[in-house]
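Subject: Structure handover

Hi,

Here is the structure I promised to pass on. My notes follow below it.

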Amino acid sequence: MNPGQEHFLSFIIDRVQDGKQEDAKALLNESFAKQAEGSFDAAYLQDFAPRMMALLRPECVGEVQTVMDSFGSMNQAAQQEMSRMQFCQSCGMPFDEAHRELVAKEADGSESPYCTYCYKDGAFVDPDATMQDMIEICVPHLAEKIGEPAARAQMEGFLPTLARWKNI
C-alpha cells in the first residue's frame, strides 16, 4: 500500500460506522488491488462508491462523496488523454499545452522530465525536499480546483508513482 492509499484508508476508516471498519478495509484493499493491476476504471468506481457509502456514518457521506467525485469525474476520454500526457516527475505538473514552456532543461540543454519549479540547470531546486514536502507544496494549488481532502488524497496517491519518489 502506498502512502496515498494509506492516507485514503485512514480518511475513510475515520468516517465509517462503528463495527463496519473491517468491511471498509476489505473493500478498500480490493480497490487498491484494482489500481495495482490497472483495472480501476470508471465502471469499477460506479460499483465501488455505493458499497463504500453504505458503510459510512450518515454525517460523513457528503464529505466522502466530494472526494470520490473528484476521482470519478474523469471520463474515459479524459483518462486516455491523461495516460498520454507527460507530467513533471517530481511535482506532477502536467506538461499540457498551457504548461509546455515549464519543462526544465538539463545542464547540457536537453529536455528533462522535470518542471522549472522543481529543477534548474541539471539539478533539483530543493535537493533535500521529501515527498511529503512536495505534497504540502502541491496540495494548496490543486485544492483551489477540487478541495483540500481530494487534493491531498490525489497527491498522496500520484506522487509515489513519479520517478523522483518511486524508489523511496
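Salt bridges first. The whole structure holds eight of them. Please keep in mind that this is a predicted model.

One pair is Glu63 with Arg15. Their closest N and O atoms are 2.8 Å apart. Glu63 sits in helix H4 (residues 61-72), while Arg15 is in the loop between H1 and helix H2 (21-37). The pair therefore ties together parts that are 48 residues apart in sequence. The two partners fall into separate burial classes: Glu63 is partly exposed at 35% relative accessibility, and Arg15 is buried at 16%.

Next, Arg152. Its side chain meets that of Glu136 in a salt bridge, at 2.7 Å from N to O. This links distant parts of the chain, with Arg152 in helix H7 and Glu136 in helix H6, 16 residues apart. Arg152 also forms a salt bridge with Glu148, at 2.6 Å from N to O. That second pair lies within helix H7. Arg152 and Glu148 are four residues apart there, so about one helical turn separates them.

Burial around Arg152 looks like this:
- Arg152 is buried, with a relative accessible area of 15%.
- Glu136 is partly exposed, at 39% relative accessibility.
- Glu148 is partly exposed, with a relative accessible area of 36%.

There is a network too. Salt bridges link Glu30, Asp47 and Arg51.

Now helix H6, residues 131-146. H6 bends by about 35° at Val139. A proline, Pro140, follows within four residues. Val139 is itself one of the buried residues of H6; the others are Met131, Met134, Ile135, Cys138 and Leu142. Their cover includes helix H1 (3-13) and helix H7 (148-158). H7 is also the helix that holds Arg152, the salt-bridge partner of Glu136 in H6. After H6 comes Gly147, with a positive phi near 90°.

Last, the cysteines. How many disulfides does a search of the whole structure find? Zero. Cys91 is in no disulfide, and the nearest cysteine sulfur, that of Cys115, is 3.7 Å away. The cut-off for a disulfide is 2.5 Å between the sulfur atoms. Cys91 is buried, with a relative accessible area of 10%. Cys60 is buried as well, at 6%.

That is the full set of notes from my side.

Best wishes

How values were computed: Residues numbered from 1 in each chain as written. Predicted model: local features only at pLDDT ≥ 70, side-chain atom pairs only at ≥ 80, totals over all residues. Heavy atoms only, no water. Buried < 20%, exposed > 50% of the residue type's maximum accessible area, 1.4 Å probe, protein only. Bend = angle between axes of the 7 residues up to and from the residue. Helix = DSSP H or I, 4+ residues; strand = E, 2+ residues; numbered from the N terminus. Contact = heavy atoms within 4.5 Å. Salt bridge = Lys/Arg side-chain N within 4 Å of Asp/Glu carboxyl O.
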